Amino acid sequence: MKFPKKLTIAALLVASFFVTGCGSQVNIGYVDGEKIMNEAPQIKAVLEEGEQKAEDIQQEAITTLENNPDWTEEEKSNALMEMQRKLSGINQAYATQLKYKFDEAIAGIAAEKKLDVVVDSSENQKLIIIGGVDVTDEVIKKLQ
């Protein structure tokens, strides 16, 4: 899950102003979203299932087109549009499922560690240079 870098930084700054204004220290956690996507078993399972369903839909469309060689261009076009509609629905459903699992795991770790803010600081897009608590491995563990 990637969030716009400017939006994340702005949210982090706003949160720090509110919390430090109350005389408290801000507890910041960060995760490597890419690592979680690549290593968390629950996330990998959802990705694989979504990819398999997408392949099934594509194969179904190919079979339908092959079994109807006398279709007009309009009928072929309609069949392809239907396949694209199904693929879009699958992508949206699995993206929602991934976001829910990801967010739920991070929220659980944040509550356990009493973190005020958790940001994505992936290896290729570092937001946290010094400080903060890396909770990536704990999120992956929670998504076993």
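Visitor: How many salt bridges does the structure hold?

Guide: A salt bridge is a side-chain nitrogen of Lys or Arg within 4 Å of a carboxyl oxygen of Asp or Glu. The structure holds 7 of them. This is a predicted model, so local features need pLDDT of at least 70, side-chain atom pairs count only at pLDDT 80 or more, and totals for chains, interfaces and linings use all residues. Residues are numbered from 1 along each chain as its sequence is written, and side-chain values use heavy atoms, with hydrogens and water left out.

Visitor: Which parts of the chain does the E60 and K86 pair link?

Guide: First, the elements. Helices (H or I, at least four residues) and strands (E, at least two) are DSSP runs, numbered from the N terminus. E60 lies in helix α3 and K86 in helix α4, 26 residues apart, so the pair links distant parts of the chain. Their side chains meet at 3.1 Å, N to O.

Visitor: Are E60 and K86 buried or exposed?

Guide: Buried means under 20% relative accessible area, exposed over 50%, and partly exposed in between (1.4 Å probe, protein chains only). E60, at 42%, counts as partly exposed. K86, at 30%, also counts as partly exposed.

Visitor: Which salt bridges lie inside helix α4?

Guide: Two examples. E73 and K76 meet at 3.8 Å, N to O. They are 3 residues apart in helix α4, which means about one helical turn separates them. E73 is exposed at 60%, while K76 is partly exposed at 27%. E82 and R85 also form a salt bridge, with the closest N and O atoms 2.3 Å apart. Both lie in α4, again 3 residues apart, about one turn. E82 is partly exposed at 31%; R85 is exposed at 51%.

Visitor: What is the order of elements along the chain?

Guide: The chain has 5 helices and 3 strands. From the N terminus they run α-β-α-α-α-β-β-α.

Visitor: How do I read the sheet, and what is its strand order?

Guide: Two strands pair if DSSP finds at least two bridges between them. Here an open sheet of 3 strands has the order β2-β1-β3, with parallel pairing. β2 and β3 stand at the edges with a single partner each, so one side of each has no neighbour in the sheet. β1 (residues 28-31) pairs with β2 (residues 117-120) over 4 bridges, and G29 stands opposite V118. β1 pairs with β3 (residues 133-134) over 2 bridges; there, Y30 stands opposite D134.

Visitor: Which residues have the most contacts inside the largest nonpolar core?

Guide: A nonpolar core is a set of buried Ala, Val, Leu, Ile, Met, Phe, Trp, Tyr and Cys residues joined through side-chain atoms within 4.5 Å. The largest has 24 residues, and those with the most contacts inside it are V31, I36, A40, I43, V135, V139 and L143. Helices α2 (33-39), α3 (41-66), α4 and α5 (136-142) each supply at least two residues. The largest share, 10 residues, comes from α4. A second, separate core of 6 residues includes V26, V117, L127 and I128.

Visitor: What does I43 touch?

Guide: Contact means heavy atoms within 4.5 Å. Leaving out residues up to four places away in sequence, I43 touches I36, M37, L98, K101, F102 and L143.

Visitor: Where does A110 sit, and is A110 buried or exposed?

Guide: A110 is in helix α4 (residues 73-113). A110 is buried, at 13%. Beyond four places in sequence, A110 touches L115 and V118.
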